[in-house]
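This report introduces a protein structure to a reader who has not met it before. Please look over the sequence and the structure shown below before reading on.

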Amino acid sequence: REQVVYDHFSDPEFVDQLIEFLCLEDRKGKDRFSPRRFCLFKGLFRNFGDAFLPVFLPHMESLVADSHESTQRCVAEIMAGLIRGSKHWSYSKVVHLWEVLSPLIRTALSNITVETYVDWGTCIATACESRDPRKLHWLFEMLMESPVNGEGGSFVDACRLYVLQGGLAQQQWRVPELLHRLLDYLEPKLTQVYKNVRERIGSVLTYIFMIDVTLPLTRPTTSPRIWEFTGRVLERLKPLTEGDEEIQNHVLEEHGEEEQDERTQAIKLLKTVLKWQMASAGRSFSTAVREQVQLLPLLFKIAPVENDDSYDEMKRDAKACLSLMSQGLLYPEQIPEVLRMLEEIAHSSSWHARYTVLTFLQVMVFYNLFTFLSDEQSVRAARVLVIALLEDEQLEVREMAATTLSGFLQCDFLSIDASMQAHFETLTKTRLPKKKKRDQGSAVDTVPSADLVRRHAGVLGLSACILSSPYDVPSWMPQLLMNLSAHLNDTQPIEMTVKKTLSDFRRTHHDNWQEHKQQFTDDQLLVLTDLLVSPCYYA
């Protein structure tokens, strides 16, 4: 039975026909690396050694020189099967194999295209799966030869990194020496101009640091350390972290040449770091909280408030990074460190940063709710932070603080106690002087901004309490509604806040109003009904 197989695959004419068949295009644009064909070649070279290599080698040499998709896929399947099938060959045979394979793989990678780079990545990953890296050192040394050298353009650089990543990812903890070498090689190249290369470097960094985990009662791994790398990166990012000026993709021309160069390089580095953080969010075994916290001030400084596709790549990536970081798992000992950093950023001169602190805090608390609830001190710190931002000078920050407070109250992260109500009531009683007559043609309000902010903060606090119970009417709500309605004729933006709160209350309680109105006294019902149906209310 084996003789039949041996006779056919030793026949050059049969192999010619087989290769011609395997190079046919089945479904254009939909063909992929075939595991079945890979298994065929793996079995052939495992069972019969290098007996068929002289027959297949001329075909492989011609196939790698052809850039067509189907021919490249065919030779990738043959090579993957050949590498895996040579697992138990003698050392002399393996040395000879790599003497002929290495030039072929170099040629194939130089001819890589958009249609074939995935197949070559699968080929190398399949070839390295469950293999001792010492027996594949020829392959790894070849892939490590200047993967980002600019030959062939940015696409070929990104493809070479992709293929190298496929091989290293299969080795996991087995190749720390290679990971250290690759990190040393990539660090000077982090300031890449091309987006596709930055994205690929970011993805490769994820695999370099993936095994940097510390498990209980175990020795730390010998892979590269995230905290050491982050320290070196932050040192290079100092031109962006120092100073309050806005960070843009372009550099203003009034800067000196040396400063401009430093800042430009820092911006390029930051873009790559953002790609790394985004890639690692869904692949890492654990969250590097301490290192991420060090990057937070810079990310808050860049991330925009609005969702706008017109923003440049760096701003969109910073916003995405913050979103992913806020969803990370936190351990009890890590929460105080993150909260301290958020409190520090909440005093930033940028209202965008203060606004984003609140959106970050919302998601962080909801994703780690039970961990937070197990630590009363962290709950108190979050409460103080949100209530303090209710009195922010920027209207958008105050409104987001109210939204955050309402959500925390609704999920029982915070509770509406007497001290909270008394605090908001005190703020709402902040006296505003009567409006003085404005000069003719002047539209400037003379109300002191600090007093107005405090009064508005109190109204927003009452509003957050009311909107935190959209499906029932707790015992404290009727009186808070009455207190809130007393500010319906206050100056803007207080008036608009009151109207919006009453409108939301009416909408959420409309279906069960007959049941809920039993919580109100007759006088309260009279005032509330008059407010909710008044024509001027809807104006």
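## Two helices in contact

In this predicted model, helix α18 meets helix α21 through Trp351, Arg354, Tyr355, Leu358, Thr359, Leu361, Gln362, Val365 and Phe366, while α21 contributes Glu396, Val397, Met400, Ala401, Thr404, Gly407 and Phe408. By class, the residues of this contact are 10 nonpolar, 4 polar and 2 charged.

A pair of packed helices is described by the angle between their axes and by the distance between those axes. Here α18 spans residues 351-367 and α21 spans residues 395-410; the angle is about 10° and the axes are 9 Å apart. Helix α18 is therefore roughly parallel to α21, since angles under 35 degrees are counted in that class.

## The chain as a whole

The protein chain contains 28 helices and 0 strands. Of its 539 residues, 51% are buried. The accessible surface of the chain amounts to about 27,600 Å², and carbon and sulfur atoms account for 51% of that surface.

Contacts between residues with a separation of 6 or more were also examined. Within that set, 72% join residues that are 24 or more positions apart.

## Cysteines

How many disulfides are found in the whole structure? The search finds 0. Individual cysteines nevertheless differ in their surroundings: Cys321 has a relative accessible area of 1% and is therefore buried, whereas Cys411, with a relative accessible area of 27%, is partly exposed. The cut-off that separates them is 20%, because a residue under that value counts as buried.

Cys128 belongs to helix α7, which covers residues 117-128. With a relative accessibility of 0%, Cys128 is buried. Leaving aside neighbours within four places in sequence, Cys128 is in contact with Leu136, Leu139, Phe140, Gly167, Gln170 and Gln171. Arg84 lies 44 residues from Cys128 in sequence, and their C-alpha atoms are 7.7 Å apart in space.

## A buried aspartate

Asp317 is part of helix α16, residues 313-326. Is Asp317 buried or exposed? Its relative accessibility is 8%, so Asp317 counts as buried. Apart from neighbours within four places in sequence, Asp317 is in contact with Leu274, Lys275 and Met278.

## Backbone features in loops

Most residues other than glycine have a negative phi, and most peptide bonds are trans. The residues below can be read against that background.

Ser146 is not a glycine, yet it has a positive phi of about 45°. Ser146 is placed in the loop between α8 (137-143) and α9 (153-171), and its relative accessible area of 35% makes it partly exposed. Gln172, also not a glycine, has a positive phi of about 55°. This residue is found in the loop between α9 and α10 (176-186); at 44% relative accessibility, Gln172 is partly exposed.

Where is Pro493 placed? Pro493 is in the loop between α24 (477-485) and α25 (494-509). The peptide bond leading from Gln492 to Pro493 is cis, with omega near 5°.

Note on methods. Residues numbered from 1 in each chain as written. Predicted model: local features only at pLDDT ≥ 70, side-chain atom pairs only at ≥ 80, totals over all residues. Heavy atoms only, no water. Helix = DSSP H or I, 4+ residues; strand = E, 2+ residues; numbered from the N terminus. Buried < 20%, exposed > 50% of the residue type's maximum accessible area, 1.4 Å probe, protein only. Contact = heavy atoms within 4.5 Å. Areas by Shrake-Rupley, 256 points an atom, 1.4 Å probe, with all protein chains shown as cover. Disulfide = S-S within 2.5 Å. Axes fitted to C-alpha atoms, helices over the stretch in contact; angles between N-to-C directions. Parallel < 35°, antiparallel > 145°, perpendicular 65-115°, else oblique. Nonpolar A, V, L, I, M, F, W, Y, C, P; charged D, E, K, R; others polar.
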